[in-house]
Amino acid sequence: MASSSFAYPDSHQADQVDTYHGLEVPDPYRWLENPQSDEAQQWIEAQNRVTFSFLEGLKGRDRINQRLTQLWNYERYSIPFKEGGQYFYFKNDGLQNQSVLYTQPSLEAEARVLLDPNSLSEDGTVALGGLAVSEDGKHLAYGLSTAGSDWVEWRVRSIDSGVDLTDHLKWVKFSGVSWSHDHQGFFYSRYDEPDETTKLESVNYYQKLFYHRLGTAQAEDVLIYERPDEKEWGFDGGVTEDGRYLIISIWRGTDPRNLLFYKDLSSPNNPVIELIWKFEAEFSFVDNEGSLFWFRTDLEAPKGRLIAIDITQPERENWREIIPETDETMQEVGILNHQFVVDYLKDAYTTIRIFDLQGQLIRDVELPGIGSAGGFDGRREDTETFYSFTSFTVPNTIYRYDMTTGESTLFRQPQVDFNPDDYTTSQVFYTSKDGTRVPMFITHKQGIELDGSNPTLLYGYGGFSISLTPAFSVSNLVWMEMGGIYAMPNLRGGGEYGEDWHLAGTKLNKQNVFDDFIAAAEWLVENQYTSPQKLAIAGGSNGGLLVGACMTQRPDLFAAALPAVGVMDMLRFNQFTIGWGWESDYGSPQDPEEFKALYAYSPLHNLKPGTAYPATLITTADHDDRVVPAHSFKFAAALQAAHQGDAPVLIRIETKAGHGAGKPTSKMIEEVADKWAFLEAVLEM
């Protein structure tokens, strides 16, 4: 594959220079931050022409697309939930671009379509961005996102007739809705209307919490809470199960630490009370019994514990610990059958335990194996609930669970055209650069030879306290059918081992995340799973940053890199949309010490001219308003300028798509087929 076959588009270098703490930093591709400009539009079209002419010439592309389509075509169901005496669930026939919402009066009754997002656009790019059913089961509030944007517009549908009411709410972002108990309306949060031309780039500040009454115009919504003195605060308002209180969780960007206020809804004039007023820990409201509130928190317990606060005696000395911290990480707590259901992570896989309301262990839930379980939703008196179970070779399977007997029964099992017994998964522990022990899952076909010749895809994330747990993926299954190994380490920065593990991969410690990923790669090579000539790395969003940092730090260790919707410019990430909210993980370029750390690993600023970089397929989307595409655009331009070697370094720019949420099935299949065909070619599979 000769480099002469790649005439990369011209990316002219402007003489933009910024000064940070006395250091001059050139930013020659600043013009790509305005994707609507004629110049940027021409650049996008030119890059896509080069990329797609390469991809279209790959002989495996159609074959891989066909196999993905064949495997993807299976019925998929969500966990059912119950509200107002009716059941609701999502179903996808297989290749539908968006899943369809159904309702049924009982699990045995015939279901009917309540909302089909596929009917809202020709190409499947209008997606559901949230929903809430009123407690009487009469109304569905639902949010729609267009072309993958974070902006969501909310409407209300009559569940009986299937007809929409006149209600229409705009400029909602990072907010669900929560119905009041009189079924007359709901609480939600919104931003002021942005400038239409820059709504996908401009920063989001000053969220406000409102109450919307059914049948009224949005302009008449009642302002419940705002803080003009705190532009970064966001408000998540939720009504308690007894309808008595509005719980207001106050967030600041992606920092897990939050504040907790509440309002007694028995009278509209009751003030908002500040219960937790310092950003020192995470407090997640579980439920209440009158004035007794239960919270999951990592205060003085990095792996999480359950506490009770009586709001009539809110002083800290009166708080009570109900379930203490353990060696496992407490993820979620709910109440069913007047018992706590607690979801723990043990070495990045799920265990579920049930406790009484005094915190005494009743039983462990027997799960089908090592994997990820979720669900266990419902109301306090419910004795029936549902959960899903998945692992690398087990498609999402739904079980019904009896809270009184502790018995699980199979409810829905998908039929996928493969034999799980042909594959094996193991978990290994390796040592990172500073001696930290890090777990990694490895999945592949049975009987592969450990001779260093296996194409291997190393996938990671490592940030924002997000945990990577075993899950089934058609894409990864096809990769393994092609002879590939799939490896997924649980890097620091994630939430797998609690808040200490998260903080060990943030700010001045961010390099630990890259060291953990590089150490995983070295372990796979040392243990003869693969070799640098056969090793590819992938990750999205913060994982795209991971790939960008590791391919610039160790270009010799990888043959291919797939950075998706990555944060690549660590000096300007906080200038766009919600980027300022990531400073809790990344630090701020405006802080001298944090700037030094950011500048040392920022992928855009660490490309060295004359270096042979791995074959790279950068992916982004024109409507991504979470991580704006300028990150990928600038990185691609700089990489093509610096790269010296035969390997292709390309950017694939999806149109009418965003950061990934709500992406239509057809677009997902096309993108994965392109990635796997690219790897098949450059790894010479």
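This passage describes the nonpolar core, two helix pairs and one buried glycine of a predicted model.

The model is predicted, so local features need pLDDT of at least 70 and side-chain atom pairs count only at pLDDT 80 or more, while totals for chains, interfaces and linings use all residues. Residues are numbered from 1 along each chain as its sequence is written, and side-chain values use heavy atoms, without hydrogens and water.

The largest nonpolar core holds 116 residues. Such a core is a set of buried Ala, Val, Leu, Ile, Met, Phe, Trp, Tyr and Cys residues joined through side-chain atoms within 4.5 Å. Buried means under 20% relative accessible area, exposed over 50%, and partly exposed in between (1.4 Å probe, protein chains only). Trp43, Met440, Leu458, Tyr586, Phe678 and Leu679 have the most contacts inside this core. Helix α5 (residues 511-526) gives the most to it, with nine residues. Helices (H or I, at least four residues) and strands (E, at least two) are DSSP runs, numbered from the N terminus. In soluble globular proteins, nonpolar side chains tend to be buried together.

Trp43 is also one of the buried residues of helix α1. Leaving aside neighbours within four places in sequence, its contacts (heavy atoms within 4.5 Å) include Trp31, Phe633 and Ile651. Helix α1 covers residues 38-56. Its 19 residues should span 27 Å at 1.5 Å a residue, and the end C-alpha atoms are 26 Å apart, which agrees. The expected span is 1.5 Å times one less than the number of residues. The buried residues of α1 pack against α2 (61-72), β38 (615-621), α9 (630-642), β39 (649-654) and α10 (665-682).

The axes of α1 and α9 come within 12 Å and cross at roughly 60°. Axes are lines fitted to C-alpha atoms, for helices over the stretch in contact, and angles run from 0 to 180 degrees between N-to-C directions. The two helices, α1 and α9, are therefore oblique to each other. Trp43, Ile44 and Gln47 of α1 meet Phe633, Ala636, Ala637 and Gln640 of α9.

The axes of α5 and helix α6 (residues 542-553) come within 10 Å and cross at roughly 70°. Hence α5 and α6 are roughly perpendicular. Angles under 35 degrees count as roughly parallel, over 145 as roughly antiparallel, 65 to 115 as roughly perpendicular and the rest as oblique.

Gly505 lies in the loop between α4 (499-503) and α5. Gly505 counts as buried, at 0% relative accessibility. Not counting residues up to four places away in sequence, Gly505 touches Arg492, Gly493, Lys510 and Val513.
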